[in-house]
Amino acid sequence: MSDFKDLYKEKLMKRQSENHTVRKIVFIILLLLTITVAAVITGGYFYIKNILEPVDPNSSTKTAVTIPIGSSTSSIGETLEQEGIIKDGTAFRYYVKYKNESGFQAGDYELSPSMTMDEIIAIMKSGKVMKEAVATIPVPEGIWIEDIAARIAKELDLKKEDVMKQLDDDKYMEALINEYWFLTDDILNDDIRHPLEGYLFPATYDFVEEPSVEAVVKEMLDKTDSVLNKYRSEIEDRDDSIHELMTLASIIEEEASANADRTKISKVFYNRLDKDMILQTDPTVVYARGEQSGEITQDDLDLKSPYNTYKQKGLPVGPIANPGESSIVAAIEPADTDALYFYARPSGETLFSETNKEHNKKVAKYKEEWDEYYKKKEKEEEAKEE
């Protein structure tokens, strides 16, 4: 009887062990399946997100695209892909179906790789076919709003002073604040030179009908809206206000050369702010004095201004230029670096340092390059005057 009990216990324990092993295997299989499904879903999400984004958000290129009468969404998608306007024609077809869009009109359109899928769809539904522009206003990255006003005035045959008066009008600003989520009461601060500085997106704007100043500003702010909306959730999750973010983006724009690492420059500023250090960035001094040309003097550095980051801690009171998307993204997503200093060479190379001693060595090493650069610029300006 004892042997029977022992044998029964042995079989029972073996069965329990087998059941435990089976449950463990099932658990591992289910876990692996869950991880695989999650990876597929995540990968699929980012893949879809990527192919639906503009081909080149910073592009100012316009391409003539012809949509023949009777074109299906499949053929429209193929045409747009071939012309480099979208990344994937099939994705366009499914996106149109998902959004339940229809009513595309045949015609010749002027489209850009910087356009979102929704912008392209809206244009082709409206039937706003390509027409010869009666006004074209190019706005390069990093210019001041006064320069933008000059460009608007020249194209619309107005006085720059009248355009600036419109751009600085308080009631007009209040109406715009009510219309655009990224414009806040911060722009009404009495210390701010021009409320819309930093918010008129750099791009080339074509108008097929003679526009008013308000119509031009609306186009520019709509473009800013379309760019910022792509990062709205990240912006709203940050502790910084949108005004502070655009202010930093404008400084990055002015400090960065074409091939500079804007995300590292951004992080240097964040590191300095975290350590309660003054930013000491030259473009804010230039903006504070109001003159763009000429070397920075000691008097400039000593200038008392809410924009001069050599005299006050923290960010300036507002943006000092109009930044492009790459600088805005850099302000939102800074790189990972402990650097507290950076030095730009005339060649465009940017050197980063963690200590002031290391930074000063680089400044001393390359200072003569800037002396030569300014001498050359001075000679060029003298030659132009002659």
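Buried here means under 20% relative accessible area, and both R262 and E253 fall in that class. The close-ups below all come from a predicted model, so please read each distance and angle as a computed value.

**View 1. R262 and E253 form a salt bridge between two buried residues.** The closest N and O atoms of R262 and E253 are 3.3 Å apart. This is one setting to keep in mind for the views that follow, where some of the charged partners are partly exposed instead.

**View 2. K125 reaches E101 in one of the salt bridges of the structure.** In total, the structure holds 14 salt bridges. For K125 and E101, the closest N and O atoms are 2.7 Å apart. K125 belongs to helix α4 (residues 117–126), while E101 sits in the loop between α3 (89–99) and β2 (107–111), so their pairing ties together parts that are 24 residues apart in sequence. K125 is partly exposed at 33% relative accessibility, and E101 is partly exposed too, at 22%.

**View 3. K362 and E358 meet along helix α15.** Their side chains form a salt bridge with an N to O distance of 3.4 Å. The two residues are 4 apart in helix α15 (residues 356–385), which means that about one helical turn separates them. E358 counts as partly exposed, with 32% relative accessibility. Elsewhere, E179, K218 and D222 are joined into one network by salt bridges that share partners.

**View 4. W144 and Y287 make an edge-to-face aromatic pair.** A search of the whole structure gives 8 aromatic pairs. In the pair of W144 and Y287, the ring centres are 4.9 Å apart and the planes stand at 70°. W144 is in the loop between β3 (135–138) and α5 (145–156), and Y287 is in helix α12 (residues 282–289), so the pair ties together parts that are 143 residues apart in sequence. W144 is buried at 4% relative accessibility, and Y287 is buried at 0%. Y287 has a charged neighbour as well: the charged end of R193 sits over the Y287 ring, 4.2 Å from its centre.

**View 5. Y180 and F182 belong to an aromatic cluster.** The cluster is made up of Y180, W181, F182 and Y199. Within it, the rings of Y180 and F182 have centres 5.5 Å apart and planes at 45°, so this pair is tilted. Y180 is buried, with a relative accessible area of 4%, and F182 is buried at 0%.

**View 6. K264 lies over the face of F352.** Look for K264 at 4.5 Å from the centre of the F352 ring.

**View 7. The side chain of S266 approaches the backbone of A330.** A polar atom of the S266 side chain lies 2.8 Å from the backbone oxygen of A330. S266 is part of helix α11 (residues 262–274), and A330 is part of helix α14 (residues 325–332). Although their positions lie 64 residues apart along the chain count, their C-alpha atoms are separated by 6.0 Å. S266 is buried at 0% relative accessibility, and A330 is buried at 1%.

**View 8. A nonpolar patch lies on the surface.** I25, V26, I29, L30 and L33 make up this patch, and together they have about 440 Å² of accessible area. One of these residues, L30, is found in helix α1 (residues 2–52).

Methods:
Residues numbered from 1 in each chain as written. Predicted model: local features only at pLDDT ≥ 70, side-chain atom pairs only at ≥ 80, totals over all residues. Heavy atoms only, no water. Phe/Tyr/Trp six-rings, centres within 6.5 Å; stacked < 30°, edge-to-face > 60°. Buried < 20%, exposed > 50% of the residue type's maximum accessible area, 1.4 Å probe, protein only. Lys NZ or Arg CZ within 6 Å of the ring centre and 35° of its normal. Patch = residues over 30% accessible without salt bridge, like charges linked within 9 Å, V, L, I, M, F, W, Y side chains within 5 Å. Areas by Shrake-Rupley, 256 points an atom, 1.4 Å probe, with all protein chains shown as cover. Salt bridge = Lys/Arg side-chain N within 4 Å of Asp/Glu carboxyl O. Polar contact = N/O pair within 3.5 Å; in protein donor to acceptor, adjacent residues only side chain to side chain.
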